Amino acid sequence: MRAFSSLVLLLAVALGSLRCGGPAANPASAPPALTDSSYLTADRWNDGQAEVAFYRVERERDQYGRANPQRFVVGTYLVKHRFSPAEMTKKTDGSGVSAFKYALFYELESGSYQYKRNWVVNARQRDLRPYKQSFTSFDWCSNQYRELAFSPDGPIEVRMRSDDYGNRRTAFDPRPQSYPPAQIPLLVRGLDVERADTLAFSVAVADSTTHVSARAVHQGRDSVETEAGTFAAQRIAVTYDAPVPSPIGESSATTETYWIGTGAERRLLRVAAESGRYQMALVEHLRIPYWNENLWPRLARIDSRP
């Protein structure tokens with residue numbers, strides 16, 4: 001009887017370890033990497049500067065989903081820095097891990113309202129494992145802050161604070177190769193399309209605390225015309241099982257096409273909904289340490305802040 005009780009106890013402990021994380025999974029059973037580490041860790045990211053790029057968004061529906069065409073400029077930047085996954089913040093003392101910070105921001109006027117929006121994503125440099133997506137907005141009614149925090153060994157934490165739209169704090173289970181919506185443009189740039197034509201991933205959606213399955217399909221070489229010029233590009237189609245939040249279209253189409261430059265930077269050139277409902281195309285770009293140098297006098301086509 002004692003031996004049987006010991007066996008039951010051992011089985012319970014083993015099952016509990018599986019449910020709670022337990023020992024590290026067998027690396028052989030882990031899903032293959034989606035991203036190209038040689039691109040993500042290349043020396044070009046070590047020049048002490050940031051990539052700053054501006055795009056023009058054109059969409060058929062406004063922020064409320066109404067048939068109301070809009071056209072506006074968004075700004076983006078991509079820079080390497082040190083980040084602490086435990087503290088979920090940038091580090092300046094040399095600690096933490098090497099990470100990319102990617103931001104997309106814009107202002108939009110609509111009637112009496114003025115919208116100021118900013119998405120910031122932090123992701124591990126070598127493979128774009130997500131650490132944090134934050135979103136801030138001001139719309140005359142209220143300030144708002146939203147966050148998705150991807151703990152290295154725990155659940156995905158969801159936070160929302162607002163004066164008018166309520167407050168929320170919850171969590172949901174992580175999934176391998178799941179990314180926050182605002183990281184998708186950076187993820188598409190980093191995909192290893194030479195390894196496979198089709199790559200599967202998921203999108204973590206805070207409002208529903210679920211993951212939406214998606215796949216990226218490399219459709220070959222193309223040429224794309226933008227205000228910044230005409231460029232050779234790789235064309236990649238991203239299809240979602242259901243619409244996901246989108247900084248460009250508010251809610252995504254089920255299929256989007258990305259045009260990524262064939263140069264070493266793999267610059268994002270254009271993204272468009274298959275339905276034609278929205279698109280975003282490059283206007284101007286530069287590399288600059290914007291924290292030390294004023295970038296605005298160096299721009300030729302952008303004459304005001306997004």
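A charge sits over a ring if CZ of Arg is within 6 Å of the ring centre and within 35 degrees of the ring normal. Keep that in mind as you click around this predicted model.

**Stop 1: charges over rings.** Select arginine 266 and tyrosine 39: the arginine lies over the face of the tyrosine, 4.3 Å from the ring centre. Now try arginine 270 with tryptophan 259, where the charged end sits over the ring, 4.6 Å from its centre.

**Stop 2: the cores.** Keep arginine 270 on screen and add methionine 280, since the two are in contact. Other contacts of methionine 280 include Tyr55, Val74, Leu104 and Ile248. Val74 and Met280 are among the residues with the most contacts inside the largest nonpolar core, which has 57 residues. There's also a second, separate core of 14 residues, including Phe54, Val283, Leu295 and Leu299.

**Stop 3: ring pairs.** There are 13 aromatic pairs to hunt for. How do the rings of phenylalanine 54 and tryptophan 296 sit relative to each other? Their planes are at 50 degrees, so the pair is tilted, with centres 5.7 Å apart. Phenylalanine 54 is in strand E1, while tryptophan 296 is in the segment after strand E18, 242 residues away. Is phenylalanine 54 buried or exposed? It's buried, because its relative accessible area is 1%, whereas tryptophan 296, at 22%, is partly exposed.

**Stop 4: a cluster.** Next, select tyrosine 106 and tryptophan 119, another tilted pair, 6.0 Å centre to centre. Tyrosine 106 belongs to strand E4 and tryptophan 119 to strand E5. Finally, add Phe72 and Phe135: with Tyr106 and Trp119 they form one aromatic cluster.

How values were computed:
Residues are numbered from 1 along each chain as its sequence is written. This is a predicted model: local features need pLDDT of at least 70, side-chain atom pairs count only at pLDDT 80 or more; totals for chains, interfaces and linings use all residues. Side-chain values use heavy atoms; hydrogens and water are left out. A nonpolar core is a set of buried Ala, Val, Leu, Ile, Met, Phe, Trp, Tyr and Cys residues joined through side-chain atoms within 4.5 Å. Buried means under 20% relative accessible area, exposed over 50%, partly exposed in between (1.4 Å probe, protein chains only). Contact means heavy atoms within 4.5 Å. Rings of Phe, Tyr and Trp (its six-membered ring) pair if their centres lie within 6.5 Å; planes under 30 degrees apart count as stacked, over 60 as edge-to-face and the rest as tilted. Helices (H or I, at least four residues) and strands (E, at least two) are DSSP runs, numbered from the N terminus. Lists of a residue's contacts leave out its neighbours within four places in sequence.
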